[in-house]
Amino acid sequence: MHAFVTQWTTKPGHLNTLASAYKAQLLPQLEVAPGCRHAFVVAAERSNTLFTVSLWDSERERDANPGSPHHSKEAKLGRHLTNNPNQEPFEVLVRAGISSNGLFARLITLPVQADNIDAALTVYKEEYLPLLQ
């Protein structure tokens with residue numbers, strides 16, 4: 001499974017407007033995109049930050065996704081932003097649960113060197129994942 005995580009920093013007071021516009025203009029494209037399993041939006045109002053996350057069956061389908069920031073100009077979302085969205089592709093290495101119907105989400109990103117990925121996964125699986133389950 002693969003993912004796109006995009007960080008959007010909004011102008012003060014524009015967070016809910018951007019979330020609503022993204023939901024109305026870009027999420028419908030993701031809902032019918034081949035290979036898209038889930039797409040959701042999480043927000044931190046204190047920092048005017050919104051993250052969009054989409055989960056994909058394959059890297060190829062993820063890379064062709066219609067919810068990427070370059071569509072933000074087409075959807076006229078740029079007027080709500082302080083800078084260009086920061087998008088990064090990921091490979092999903094560990095999953096817990098089978099639904100994204102929760103009310104809250106916590107997104108944790110850690111910079112891990114490629115040669116330390118196995119050790120980082122072990123710590124995650126043994127220390128953090130049991131707390132979430």
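Which residue in β3 stands opposite Ala 3? In this predicted model, the residue facing Ala 3 is Leu 55, and this pairing offers a handy way into the strands around β1. Strand β1 covers residues 2-9, while β3 covers residues 49-56. The two strands run antiparallel and are joined by 8 bridges.

Strand β1 also pairs with β4, which is made up of residues 86-91. Here 6 bridges make the connection, and the strands again run antiparallel. One of the contacts can be found at His 2, whose bridge partner in β4 is Glu 91. Of the 8 residues of β1, 6 are buried, so the strand is largely enclosed by the rest of the structure.

Trp 8 is a good residue to look at next. With a relative accessible area of 0%, Trp 8 is buried, because anything under 20% counts as such. Trp 8 also takes part in the 1 aromatic pair that the structure holds. The ring centres of Trp 8 and Tyr 22 lie 5.7 Å apart and the planes meet at 70°, so the arrangement is edge-to-face. The pair brings together distant parts of the chain, since Trp 8 belongs to β1 and Tyr 22 to helix α1 (residues 15-25), with the two residues 14 residues apart. Tyr 22 is buried too, at a relative accessible area of 3%.

A further ring worth finding is that of Phe 4. The charged end of Arg 62 sits over this ring, at 5.5 Å from the ring centre.

How values were computed: Residues are numbered from 1 along each chain as its sequence is written. This is a predicted model: local features need pLDDT of at least 70, side-chain atom pairs count only at pLDDT 80 or more; totals for chains, interfaces and linings use all residues. Side-chain values use heavy atoms; hydrogens and water are left out. Rings of Phe, Tyr and Trp (its six-membered ring) pair if their centres lie within 6.5 Å; planes under 30 degrees apart count as stacked, over 60 as edge-to-face and the rest as tilted. Helices (H or I, at least four residues) and strands (E, at least two) are DSSP runs, numbered from the N terminus. Buried means under 20% relative accessible area, exposed over 50%, partly exposed in between (1.4 Å probe, protein chains only). A charge sits over a ring if NZ of Lys or CZ of Arg is within 6 Å of the ring centre and within 35 degrees of the ring normal. Two strands pair if DSSP finds at least two bridges between them.
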